[in-house]
Amino acid sequence: MASLRGTQQPELSKKLFKIIKSENHAIGAYEAAARERVGIAQQLSEWGEATEDETISEISDKLGVLLAEIAEQEDIYAQALEEYRGVLKQIRNTESSVQPSRDHKTKVSDEIAKLKYKEPQSTKIVQLEQELVRAEAQSLVAEAQLSNITRQKFKEAYDHHFAATIERAEKQIILAKHARRLLNLVDDTPIVPGDVHPPFAEVEAARQVLTDAEDDLRHYQLDVEPIHSNAGNLGVGAMPGAPVPGVGAGETSGAPVPESTTYESTVRNESPVGVQYDKAGSAPYPLEEADRVERQQQEVPRQEVSNVA
């Protein structure tokens, strides 16, 4: 066993962790299906040759080529889902980073409540209340970062997902339509005992079908409605980076805010999340021990496959 640490997720990120894990299994299923379809395409070609029927042999071979290409689209789709899954991980990593901030604020608040009940005159209450102010400031920043990253990456992830789904479907439709053209080249006119079917005269037409399919895939362009985003101005700490109109650098709008809780000082000094983001507002990838464990687990079967090959 490699490690059990990958299963120990903070409460906040458990649900998304399950989605990401389930998607990994689904991606593996798509990859396995693609390999199976390639094998079936090869078997179809071999069967057609074994029939000793010139027409069936020629058409089954060409169908095998198209079926293998359909399988290739399945494999490409699985790779695209890996990108979508990687974006979801950024949300999960942010959730994991925010959990300690929530826990700390709750812990300090509980300690204050206990002291006020047991020792209402304790001088430690004042210290804890000051600590609670700092914890609440941390929590405000962390929750804002979580909200910003979640919305941005949620849209980005499912933009990847659905665009890849549309592309796979449209390319497979193209290939399936050309495959149906091949079927029309098979003369299935019944014969009586002693007669034979005429020689296959559509060799060039069958080749042209493959050429047309190849050309259609080469010139294919995905045409979907773009997903609009207003998250381009995220700055350091996954916060809006654009200055507020009419407010100079280092200033704040509205009521005065104590220096210890201003946005800039909070992100740099107090935020448990902000320091983990680059200037584009994206979490360094990966942050999670679960990612490392998962990669180790995936490398084992891949090495076994390469050894078999």
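Reader: Why is glutamine 73 called buried?

Author: In this predicted model, glutamine 73 has a relative accessible area of 5%, and because the cut-off for buried is under 20%, glutamine 73 counts as buried. The residue is found in helix H2, and, leaving aside neighbours within four places in sequence, glutamine 73 is in contact with Arg168, Lys171, Gln172, Leu175 and Leu217.

Reader: How do you know that glutamine 73 and arginine 168 are brought together by the fold, and what separates them along the chain and in space?

Author: The two residues are 95 residues apart along the chain, yet their C-alpha atoms are separated by 5.9 Å. Arg168 is also among the residues in contact with glutamine 73, which means that heavy atoms of the two lie within 4.5 Å. Over the whole protein, 80% of the contacts between residues at least 6 apart in sequence join residues at least 24 apart.

Reader: What makes histidine 161 buried or exposed?

Author: Histidine 161 has a relative accessibility of 14%, and since buried means under 20%, histidine 161 counts as buried. Histidine 161 lies in helix H3, which covers residues 124-183, and, not counting residues up to four places away in sequence, it touches Glu23, Tyr77, Leu81 and Tyr84.

Reader: How do you know whether the span of H1 agrees with what is expected for its residues?

Author: The 37 residues of H1 should span 54 Å at 1.5 Å a residue, and because the end C-alpha atoms are 54 Å apart, the two values agree. The buried residues of H1 include Leu16, Phe17, Ile20, Glu23 and Asn24, and H1 is followed by glutamate 52, whose phi is positive, near 60 degrees.

Reader: What is the corresponding result for H2, and what is found at its start?

Author: H2 has 65 residues and reaches 94 Å from its first C-alpha to its last, close to the 96 Å expected at 1.5 Å a residue. At the start of H2, a side-chain oxygen of aspartate 53 reaches to within 3.0 Å of the backbone nitrogen of threonine 55, and because the limit for a polar contact is 3.5 Å, this pair falls inside that limit.

Reader: Which residues have the most contacts inside the largest nonpolar core?

Author: This core has 13 residues, and those with the most contacts inside it are Leu16, Leu81, Tyr84, Leu88 and Ala157. The elements that give two or more residues to this core are helix H1 (14-50), helix H2 (54-118) and H3, with the largest share, eight residues, coming from H2. A second, separate core of 12 residues includes Leu175, Leu182, Phe200 and Leu217. As for leucine 16, its contacts beyond four places in sequence are with Leu88, Ile91, Arg92 and Glu95.

Reader: Where is confidence lowest and where highest, and why should that affect the reading of the coordinates?

Author: Confidence is lowest in helix H5 (residues 263-270), at a mean of 34, and highest in helix H4 (residues 203-218), at 96, while the mean pLDDT of the protein is 78. Where pLDDT is low, the predicted coordinates should not be read in detail. Two stretches have pLDDT under 50: residues 243-287, for which the model has 70 contacts beyond four places in sequence, and residues 302-309, for which the model has zero such contacts.

Key
Residues numbered from 1 in each chain as written. Heavy atoms only, no water. Helix = DSSP H or I, 4+ residues; strand = E, 2+ residues; numbered from the N terminus. Buried < 20%, exposed > 50% of the residue type's maximum accessible area, 1.4 Å probe, protein only. pLDDT = per-residue confidence, 0-100. Core = buried A, V, L, I, M, F, W, Y, C linked by side-chain atoms within 4.5 Å. Expected span 1.5 Å × (residues − 1). Polar contact = N/O pair within 3.5 Å; in protein donor to acceptor, adjacent residues only side chain to side chain.
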